[in-house]
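Me: I should like a close look at one part of this protein, with its surroundings described in a connected way. Please consider the structure shown here.

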Amino acid sequence: MTRISYVNGAYEPHPYAVVHIEDRGYQFSDGIYEYIAFYNHTLVDADLHFKRLERSLRELQIALPMSIRSMGIVIRELIERNGRADGGLYIQITRGVAKRDHAFPKHTTPSLVMTVCQAKLPKEKEVREGVKVITQPDIRWGRRDIKSVSLLANILAKQKASEKHAREAWLVDGDIISEGSASNSYIVTKAGELVTHPANEFILGGITRDVVLRLARKNGIKVSERAFSVAEAKKAAEAFLTSTSANVLPVVEIDGIKVGDGKVGVITRQLNTLYTAHIFKQTGKQL
Ligand code: PMP
């Protein structure tokens, strides 16, 4: 089946789906995006993703190109046209096409691009045995809470991880781990407390993070949203990361140092099970 993408009102065969070279997303990274997983044609946590999308747009003063309701109709159509029951949906909105000038243009229509791809899921071995991460300096800007398309610092960090055969780079600000290059970071202390960076302007507040923290609290796990250092992480009992494509992924090594006994932790395993059940409840898909 031909892959179809949505570009500013048209459903195009993917190889021909293009935007103008003066689009401010291309020129200035002047835009935002969302990535939403879907299973059995059903978006996972759609409301939370659309809420974050609207917030990101508001923070950049970019107008919503169409109502969320209309976007939902386009998304359903796009998923159908791609003939995929399970997959991932990228929504990218930029300020639009305008003559190159740093300040916001006066009368520009925002660009809306949506693409559908194969479901991105961690490998079974990664979930079973855990993954390695490395630390990298967090050289990003001061508004990481906006899901901006400006990902240069993130890709540089991820590239370093990839060169070192690590799954993710954990970004370090001072001596504090803010988050991963494309995921949120967590540790479980020896006292059994789940710790993750507070959702402020220094991290992207992940939707998976929201859900996992809610599930943890509901199931009696003590949650502490506070900063933790690299040294604390290396002494932790357990560690893991979350994202829409990684779900709850155990971390068993940080910079070559084993976390705990180097095996997947009990609380991590429990949260993975709870999160998988959360997806099943919404979509009927057993991951
Ligand atoms: N932090 C960053 C920097 C990310 O890019 C992502 C994934 N896009 C996340 C956290 C996790 O967010 P979510 O759970 O919404 O996928």
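Is R209 buried or exposed, and what is its relative accessible area? Please start from that residue and then describe the parts around it.

Reply: The model is a predicted one, and the description below should be read accordingly. R209 is buried, and its relative accessible area is 2%.

The residue has a charged partner. R209 and E225 join their side chains in a salt bridge, with a distance of 2.7 Å from N to O. Because R209 belongs to helix 6 (residues 207–218) and E225 to strand 12 (residues 223–225), the pair ties together parts that are 16 residues apart in sequence. The partner has its own level of exposure: E225 counts as partly exposed, at 34% relative accessibility. In addition, a network is formed by D138, R140, R144, D173 and E179, which are joined by salt bridges that share partners.

The helix that carries R209 also packs against another helix. Helix 6 and helix 8 (residues 266–283) have axes 10 Å apart and pack at an angle of about 115°. Helix 6 is therefore roughly perpendicular to helix 8, since angles of 65 to 115 degrees are classed in that way. The crossing of these two helices is right-handed. On the side of helix 6, the contact is made by T208, V211, V212, R214, L215 and A216, and on the side of helix 8 by L271, L274, Y275 and H278. By residue class, this contact of helix 6 with helix 8 divides into 7 nonpolar, 2 polar and 1 charged.

Two residues of that contact lead on to N247. Leaving aside neighbours within four places in sequence, N247 is in contact with T208 and Y275, and also with L121, P122, L241, T242, I279 and L287. N247 lies in strand 14 (residues 247–254) and is buried, with a relative accessible area of 8%. As for A216 of helix 6, its C-alpha atom is separated by 14 Å from that of N247, and the two residues are 31 apart along the chain.

A salt bridge elsewhere may be set beside that of R209. The side chains of R52 and E34 also meet in a salt bridge, at 2.7 Å from N to O. R52 is in helix 2 (residues 46–60) and E34 in strand 3 (residues 31–39), so this pair ties together parts that are 18 residues apart in sequence. Both R52 and E34 are buried, whereas in the pair of R209 and E225 the glutamate is partly exposed.

A further case is found within a single helix. E129 forms a salt bridge with K125, and the closest N and O atoms are 3.3 Å apart. These residues are 4 apart in helix 4 (residues 124–129), which means that about one helical turn separates them. E129 is partly exposed, with a relative accessible area of 39%, while K125 is exposed, at 51%. The whole structure holds 23 salt bridges by the same kind of search.

Helix 2, which carries R52, has a helix contact of its own. The axes of helix 2 and helix 3 (residues 68–81) come within 12 Å and cross at roughly 125°. Helix 2 is therefore oblique to helix 3. The crossing is right-handed. F50, L53 and E54 of helix 2 make the contact with I68, M71 and I75 of helix 3. The residues here divide into 5 nonpolar, no polar and 1 charged.

F50 and I75 are also among the residues that L43 touches. Not counting residues up to four places away in sequence, the others are I36, A37, F38, I79, L89 and Q282. L43 is placed in strand 4 (residues 42–43) and is buried, with a relative accessible area of 15%. Its C-alpha atom is 37 Å from that of G174, a residue 131 places away along the chain.

Loops on either side of strand 4 each hold a residue with a positive phi. N40, in the loop between strand 3 and strand 4, has a positive phi of about 50° although it is not a glycine. D45, in the loop between strand 4 and helix 2, is likewise a residue other than glycine, with phi near 50°. N40 counts as partly exposed at 35% relative accessibility, whereas D45 is buried at 9%.

Key. Residues are numbered from 1 along each chain as its sequence is written. This is a predicted model: local features need pLDDT of at least 70, side-chain atom pairs count only at pLDDT 80 or more; totals for chains, interfaces and linings use all residues. Side-chain values use heavy atoms; hydrogens and water are left out. Axes are lines fitted to C-alpha atoms, for helices over the stretch in contact, and angles run from 0 to 180 degrees between N-to-C directions. Angles under 35 degrees count as roughly parallel, over 145 as roughly antiparallel, 65 to 115 as roughly perpendicular and the rest as oblique. A crossing is left-handed if the near helix is turned anticlockwise from the far one by less than a right angle, and right-handed if clockwise. Contact means heavy atoms within 4.5 Å. Ala, Val, Leu, Ile, Met, Phe, Trp, Tyr, Cys and Pro count as nonpolar, Asp, Glu, Lys and Arg as charged, and the others, Gly among them, as polar. A salt bridge is a side-chain nitrogen of Lys or Arg within 4 Å of a carboxyl oxygen of Asp or Glu. Buried means under 20% relative accessible area, exposed over 50%, partly exposed in between (1.4 Å probe, protein chains only).
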